[in-house]
Amino acid sequence: MKKISLIILLVLPFFRLFAQESGAGFTLQGSVLDPGKTAMKDEVVYLYTKADSSLVKTEFTNENGIFLFQQVKEGTYFICVKNPDFERFCSKEILLDKNLDLEAFALVKSEQELKEVAVVGKKPFIERLPGKMIVNVEQSIQSTGSSAFEIIEKSPGVAVSMTDQISINGRQGIAVQVNGKALQMSGTDLANYLRGIPSSSIEKIEFITNPSSKYDASGSMIIDIRMKKDTRYGSNGTVNASYGQGVYHKLNTGLSFNHRTKKWNFFGNYSYANRKAFNRLELERKFYTNDTFMLAYKQDNYITFPFRNNIFRGGFDYEIDSKSTLGFVFSAVSNKFNPNGTNITDVYNQNYVPVSSFQTENRSEDSWYSGGLNLNYRRNTDTLGSTFSMDLDYAQYGNKTEQNFTTNYYDLNGGLLQSPYLLYGDLNGQLSIYSLKADRSRAFKNGSSFEFGAKSSYVEADNNIEFYDRSNSGNVYDSLKSNHFIYTENINAVYTNYNFQHKKWTYQLGLRVENTNITGNQLVYQQRFDTSYIQVFPSLSMRFRANDKHSFDVNINRRIDRPSYDQLNPFKFYLDPTTFKEGNPYLKPQTTMGLDIGHMFRDKFYTLVGIARTFNNITEIIAPSAYQQNITIQTNVNLESVDLIYANVSLPFDLTKWWSLRLDLNGYLALYSGNVANTQISGNGTYNGNVNMVNNIIINKNHSMELTGNYRTREVYAFDSINRIWSVGFGYQAKILKNKGTIRVNVSDAFFTNQISADVTFTDYRENFLVTRETRVATIGFTYRFGSAQNSARRRQGGADDLKQRVGGQGNG
């Protein structure tokens, strides 16, 4: 912890600056009546934004049934009243550009049908908002029984490579977070971690395309997985279970609960997954010398992954007073999986005639675990939304892996050419993360606001890998394959954002400064690197609301993506006798400058166009080794640059009262420039398109169906030409037990077409491959909700502004 800076200690004394009271905005008043037109006292009234259905404020009605929202910014909103004895009421959209006194709202008894009230509370599966896309996992029948990785993979604009690298609209270097906390993993390690998170424990996944300066600068984009947290009053809970069958089984179970009183909210959730999946990689590699064919490998690699995953997350929020909240969250994850693979390789000579073969068996046992603690404090310093908050985080990740590789070499008649090669690996890893941050926001009378903050984090990774040659009954330490790598990273940051309005324009100016200190120490070969640098990240967002139908957005920012510790580790990881994976200690961070312009029509239809340039683009490649003949290396390199032009269109349609359709159209042109393996590319790329379709069909109030489809055109990714890919899925949902229970049935990738194939071209090297995963799965799931919901909330007196903090999910770790 020596390198953690004193920035926060220096900045904190100034966080009380601008703490005086202030007032601005409009008032919104109305009243709530029962069916007999009698005023209803102590009803909770919720004010939401129309754009993204996010909660703005809550208030209680007085003895005359009147509620009053004060200091509300100009915009489009809707109001909801939720009472278990009546139908949920949500108003039509309200354009607030002056003080308003609404007509009285009359609630309807629960057994009656709503006739004159617009119910708009249910969120769509996919929402497009300025600067982000939200996937509301609970709203999709197709998500039942799947994992976080599978939901991300099927989201609009997302592509996953054969090595599990995630890209969005051509952008690499995606930062993945859980509840706002970055996961210090990449590639297959990250994918396996996400495969262990069942969809039943996820509330939503946010794809943040234009993060403000408040966010860490790392990542060209951010994927934030928000876990479920119940905030209803009383004692409540949900139990769920699902079973899926593809080639192998997929079992998921879960329980979530909360108990909330006037001062306390205790919450928690537990999920268990027992899943098995496969990955089949078929490829052909051809090696040349000065364009003369020399050798080829044809490989068939089949591996299964049985997962046993336990996730627990719990905590509490304590309301110190009407303005202050203290929260604590802890989480624990245990993930065990035993990869079991067989790699069969045929060897061809320079006449393209088979001459021999070898077969490698992989029998491994993996145990991954993690735990985290979060302590948070939040205070509302005035009635406008000025706040002060602090977060203290600690997280620990660990893994222990035992690998057993057995390789046999055969002649064309199946006879052994040599004694079997037996390789045993003992891999142990530890990763510790410490983080402290503080944020201060201040609202002013003229409607503007100012926020600033500081953060310091420290990461230490210790990976010790030992390999032993156990051929011929031996147990010889292999120093060429063994490795002990220690990596540390300290990032200190300060940021500021200024928001203000001028007539129909809204502006946000941001600046973030980060100081990065990195060390890497490869103990076996005594290789060490030490890097420190300071980077500045400006951002600008502008919004112009032309009228109640049209609004326009402009976003400009600069982002960075730092290499992860496994990408920097110079060690060679054994995959098979002809393939290694190794890190690159000379890998530089990539930086991206981006500009996009968006248009929203009726707060519903969204269009976005943008451009971006990435320097020193971190690109994962599988290329011929520069120093070993006929060997292929999987590694990361810096390309000189990538130029990106992209466009997104979101079209939600209500075709009939019972049929809604959402189309997301994404297209981009990515042009890659650089030199790898003596292969120069300059502006190499092609147009790529992606169409994502979601149909929702309401049969009646208790039964519905969902039909989804995804199509992606051919894509050129640096040295790879990736073929088109498509898939179709469908599902059915029934509500039972007085709407407390839900049964869902779905089939994903019904025609088993979601398979990745590509051609790879380097100087004197050609490769083509086909990756088949277990994407076709039939799943049945059941969810049951129980509890007292929000009855106790009705007995509270006075203002309820503090409720917005709880509903907004404060305290998430």
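Is Cys 80 buried or exposed? Select Cys 80 to begin: this residue is buried, with a relative accessible area of 0%, where buried means under 20% relative accessible area, exposed over 50% and partly exposed in between, for a 1.4 Å probe and protein chains only. Bear in mind that this is a predicted model, in which local features need pLDDT of at least 70 and side-chain atom pairs count only at pLDDT 80 or more, while totals for chains, interfaces and linings use all residues. Residues are numbered from 1 along each chain as its sequence is written, and side-chain values use heavy atoms, with hydrogens and water left out.

Next, add Cys 90, which also counts as buried at 0% relative accessibility. Cys 80 and Cys 90 form a disulfide with their sulfur atoms 2.0 Å apart, a disulfide being a pair of cysteine sulfur atoms within 2.5 Å. Cys 80 lies in strand 5 (residues 75-81) and Cys 90 in strand 6 (residues 89-90), so the pair ties together parts that are 10 residues apart in sequence; strands here are DSSP runs of E, at least two residues long, numbered from the N terminus.

Now move to the second largest pocket by selecting Pro 624, Ser 625, Ala 626, Tyr 627 and Ile 633, which lie nearest its centre among the 30 lining residues. A pocket is an open set of points on a 1 Å grid over the protein atoms alone, where a 1.4 Å probe fits, with protein on both sides within 12 Å along at least five of seven lines, and lining residues have an atom within 4 Å of a point. Finally, select strand 20 (264-289), strand 36 (605-624) and strand 37 (632-654), the elements that give two or more residues to the lining of this second largest pocket.

Notes: Helices (H or I, at least four residues) and strands (E, at least two) are DSSP runs, numbered from the N terminus.
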